[in-house]
Amino acid sequence: MAKLDERIGFIGGGNMAFAIGSGLVRCGIVKASQVLVSGPHIENLQRWRDLGAVTSDDNCEVLEHTDIVFICVKPHMLAPCAEQLKYKHVPSAKDASKLIVSVLAGTSVQTLEEAFSFMGSSDLKVIRTMPNTSMQVGEGCTVYTGNARVSHHDLEKIHLMLNALGLAQQVPETMIDAVTGVAGCGPAFVYTIIEALADGGVKQGVPRQMAIQFAAQTLLGAAKTVLLTGKHPAVLRDEVCSPGGSTIVGVHELEKGNLRATLINAVEKSSQRSAELGKKK
């Protein structure tokens with residue numbers, strides 16, 4: 001796998017940041033010594049130090065001394081964080097080559113450009129991403145888009161990093177809220193399905209831990225079958241449903257419970273909420 005020479009920074013060292021940073025080190029794309037992360041409470045960054053990364057309680061240090069800067073603060077903290085960085089930032093020629101990469105939900109490229117305009121609005125390179133939490137086990141699903149000043153080479157670097165942690169795809173920014181409903185919020189929907197399948201197993205006499213393991217493995221296997229065979233899920237479902245068998249009876253119960261319509265509605269509402277959050281900013 002290709003490696004990067006750039007220094008990678010994380011402003012905000014929470015779970016998503018650590019999933020990305022530790023994943024990049026684990027995959028060999030960067031060395032731990034190339035990673036610099038900041039947070040308000042340096043004692044909370046111990047796992048980063050255990051990884052071999054450099055830590056700081058100064059966000060500006062990350063901005064000044066790294067080449068690709070992941071913004072991993074909470075969305076409502078973007079404005080005060082950027083204001084702090086603006087106050088301490090010393091403009092230099094290196095600003096034009098830096099990549100600002102956001103993982104903030106519902107935060108548009110325009111909002112990011114305005115927040116970091118102190119770095120020179122004519123040269124600022126901003127990339128908006130929408131990852132999901134499955135990135136922590138190397139099976140993430142991330143979409144990304146860049147502003148007009150991001151080059152093809154810049155996007156290749158971002159794709160290399162994000163694709164190493166699962167699936168990564170460049171999309172138009174107008175699609176990101178919709179993908180948030182599917183991939184960003186999707187893990188929560190799937191966890192609910194796993195729990196319900198396990199509850200069904202427990203009701204029929206399967207021990208709880210065993211039922212959870214079987215339910216999770218069943219979804220993992222089904223997902224892998226979809227990805228590797230390329231077959232439509234409906235075709236694969238029909239292959240499991242033998243005439244008059246136990247599976248088609250269960251599928252009928254799912255239809256009576258409006259499972260598909262409920263999931264479609266969940267994606268729609270989550271997508272709309274993502275868009276609303278972006279407008280509030």
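The exercises below work through ring pairs, salt bridges and a surface patch in a predicted model.

**Exercise 1. Classify the ring pair of Phe10 and Trp48, and place both residues in the chain.**

Solution.
- Start with the total: the model has four aromatic pairs.
- Take the geometry next. The ring centres of Phe10 and Trp48 are 5.3 Å apart, and the planes meet at 40°.
- Apply the cut-offs. Centres within 6.5 Å make a pair; planes under 30 degrees apart are stacked and those over 60 are edge-to-face, with the rest tilted.
- The angle of 40° therefore makes the Phe10–Trp48 pair tilted.
- Now locate the partners. Phe10 sits in strand β1 (residues 8-11) and Trp48 in helix α2 (residues 46-51). The pair links distant parts of the chain, 38 residues apart.
- Finish with accessibility. Phe10 has 0% relative accessibility, so Phe10 is buried. Trp48 also counts as buried because its relative accessible area is 0%.

**Exercise 2. Work out how Phe18 packs against Trp48, and what lies over the face of Phe18.**

Solution.
- Read the geometry of the pair: 5.1 Å from centre to centre, with 90° between the planes. This pair is edge-to-face.
- Place the residues. Phe18 belongs to helix α1 (residues 15-27) and Trp48 to helix α2, so the contact ties together parts 30 residues apart in sequence.
- Check burial: Phe18 and Trp48 are both buried.
- Look at the ring face. Arg47 lies over Phe18, at 4.6 Å from the ring centre.
- Widen the view. Ring pairs join Phe10, Phe18, Trp48 and Phe70 into a cluster.

**Exercise 3. Describe the salt bridge between Lys157 and Glu6, and decide whether its partners are buried or exposed.**

Solution.
- Recall the principle: side chains of opposite charge can pair when their charged atoms come close.
- Count first. The structure holds eleven salt bridges.
- Check the distance. The closest N and O atoms of Lys157 and Glu6 are 2.7 Å apart.
- Trace the sequence positions. Lys157 is in helix α6 (residues 152-163) and Glu6 in the segment before β1, so the bridge ties together parts 151 residues apart.
- Close with burial: Lys157 and Glu6 are both buried.

**Exercise 4. Examine the salt bridges Glu173–Arg128 and Asp199–Arg208, and assign an accessibility class to each partner.**

Solution.
- Begin with Glu173 and Arg128, whose closest N and O atoms are 3.0 Å apart.
- Place them. Glu173 is in the loop between β8 (166-170) and α7 (176-184), while Arg128 is in strand β6 (residues 125-130). They lie 45 residues apart, so this bridge also links distant parts of the chain.
- Set the limits: buried is under 20% relative accessible area, exposed over 50%, and partly exposed in between.
- Glu173, at 28%, is therefore partly exposed. Arg128, at 5%, is therefore buried.
- Turn to Asp199 and Arg208, with closest N and O atoms 2.6 Å apart.
- Asp199 reaches 34% relative accessibility, so Asp199 is partly exposed. Arg208 is partly exposed because its value is 39%.
- Look for shared partners. Salt bridges join Arg128, Glu173 and Asp177 into one network.

**Exercise 5. Which residues form the nonpolar patch on the surface, and where does Leu263 lie?**

Solution.
- Identify the members: Leu254, Leu259 and Leu263.
- Give the area. Together they have about 220 Å² of accessible area.
- Place Leu263: this residue lies in helix α12 (residues 259-280).
- Classify Leu263. Its relative accessibility is 31%, so Leu263 is partly exposed.

Conventions:
Residues numbered from 1 in each chain as written. Predicted model: local features only at pLDDT ≥ 70, side-chain atom pairs only at ≥ 80, totals over all residues. Heavy atoms only, no water. Patch = residues over 30% accessible without salt bridge, like charges linked within 9 Å, V, L, I, M, F, W, Y side chains within 5 Å. Areas by Shrake-Rupley, 256 points an atom, 1.4 Å probe, with all protein chains shown as cover. Salt bridge = Lys/Arg side-chain N within 4 Å of Asp/Glu carboxyl O. Helix = DSSP H or I, 4+ residues; strand = E, 2+ residues; numbered from the N terminus. Buried < 20%, exposed > 50% of the residue type's maximum accessible area, 1.4 Å probe, protein only. Phe/Tyr/Trp six-rings, centres within 6.5 Å; stacked < 30°, edge-to-face > 60°. Lys NZ or Arg CZ within 6 Å of the ring centre and 35° of its normal.
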